[in-house]
Amino acid sequence: MQWLKYVLALLSLVGFWFAGLLLSQFIALPASLLGLLLLLMGLMWLKQIPSALLRVSQFALGHMLVLFVPATMGILLFGEKLAGNLWWLVLIIVMSTVISLGVTAWIAQRHWQNNEQADIQSEDHDD
């Protein structure tokens, strides 16, 4: 019956992606991003990561390199066109990396501050 948990975990990941696809009809964001946000909200609501979902996610993340094959082929096929816009591409990559790292750091800092405040409040109630 362990395999059933993994199948359900995989189906839940696909379900979140489909929910993101549905929401992308109304919100101008990529379906995968909306699906990830829905998954994040679901995990925050659960306040834990189910073990089967964690194992399935780790397996999928371990094989993410397969997703870079189409991008690599695109670079090989359209190398001359990309070379003409190289500085714009580098600028966009640097800017998007800095923005995403900044947003991630801001979210992580807020999350840790909230956890520290919750720990302090629980210690005050225990005393």
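Helices (H or I, at least four residues) and strands (E, at least two) are DSSP runs, numbered from the N terminus. This report describes a predicted model, in which local features need pLDDT of at least 70 and side-chain atom pairs count only at pLDDT 80 or more, while totals for chains, interfaces and linings use all residues. Residues are numbered from 1 along each chain as its sequence is written, and side-chain values use heavy atoms, with hydrogens and water left out.

**Helix 2**

Helix 2 covers residues 31-46, which makes 16 residues. From its first C-alpha to its last it reaches 22 Å, close to the 22 Å expected at 1.5 Å a residue; the expected span is 1.5 Å times one less than the number of residues. Four residues of this helix, A31, L34, G35 and L39, are buried. They lie on the same side of helix 2 because they cover an arc of only 140° around the axis, the arc being that of the directions from the helix axis to the C-beta atoms. Buried means under 20% relative accessible area, exposed over 50%, and partly exposed in between (1.4 Å probe, protein chains only). What covers the buried residues of helix 2 includes helix 1 (2-23) and helix 3 (51-62). The face turned away from the buried side carries the exposed residues L36, M41 and M44.

Helix 2 is followed by K47, found in the loop between helix 2 and helix 3. K47 is not a glycine, yet its phi is positive, about 65°.

**Pockets**

On a 1 Å grid over the protein atoms alone, a pocket is an open set of points with protein on both sides within 12 Å along at least five of seven lines, and a 1.4 Å probe fits at the points of a cavity but cannot get out; lining residues have an atom within 4 Å of a point. Grid points are joined across faces, edges and corners, and a volume is the space filled by probe spheres set on the points.

The largest pocket holds about 620 Å³ of space. Its lining includes L33, L37, L40, M44, K47, W106 and H111. Helix 2 and helix 6 (86-126) are the elements that give two or more residues to this lining, and helix 6 supplies the largest share, seven residues. By type, the lining of the largest pocket divides into seven nonpolar, three polar and two charged residues. Here Ala, Val, Leu, Ile, Met, Phe, Trp, Tyr, Cys and Pro count as nonpolar, Asp, Glu, Lys and Arg as charged, and the others, Gly among them, as polar.

The second largest pocket has a volume of about 510 Å³. Of the 17 residues that line it, L13, L36, A60, L61 and M64 are the closest to its centre. Helix 1, helix 2 and helix 3 each give two or more residues to this lining. The lining of the second largest pocket has 13 nonpolar, four polar and no charged residues.

**Three exposed residues**

The table gives the place and relative accessible area of three residues.

| Residue | Place | Relative accessible area |
|---|---|---|
| K47 | loop between helix 2 and helix 3 | 75% |
| L65 | loop between helix 3 and helix 4 (68-77) | 67% |
| I75 | helix 4 | 52% |

L65 and W3 are 62 residues apart in sequence and 25 Å apart in space, C-alpha to C-alpha. For I75 and V94, the separation is 19 residues in sequence and 18 Å in space, C-alpha to C-alpha.

Key: Contact = heavy atoms within 4.5 Å.
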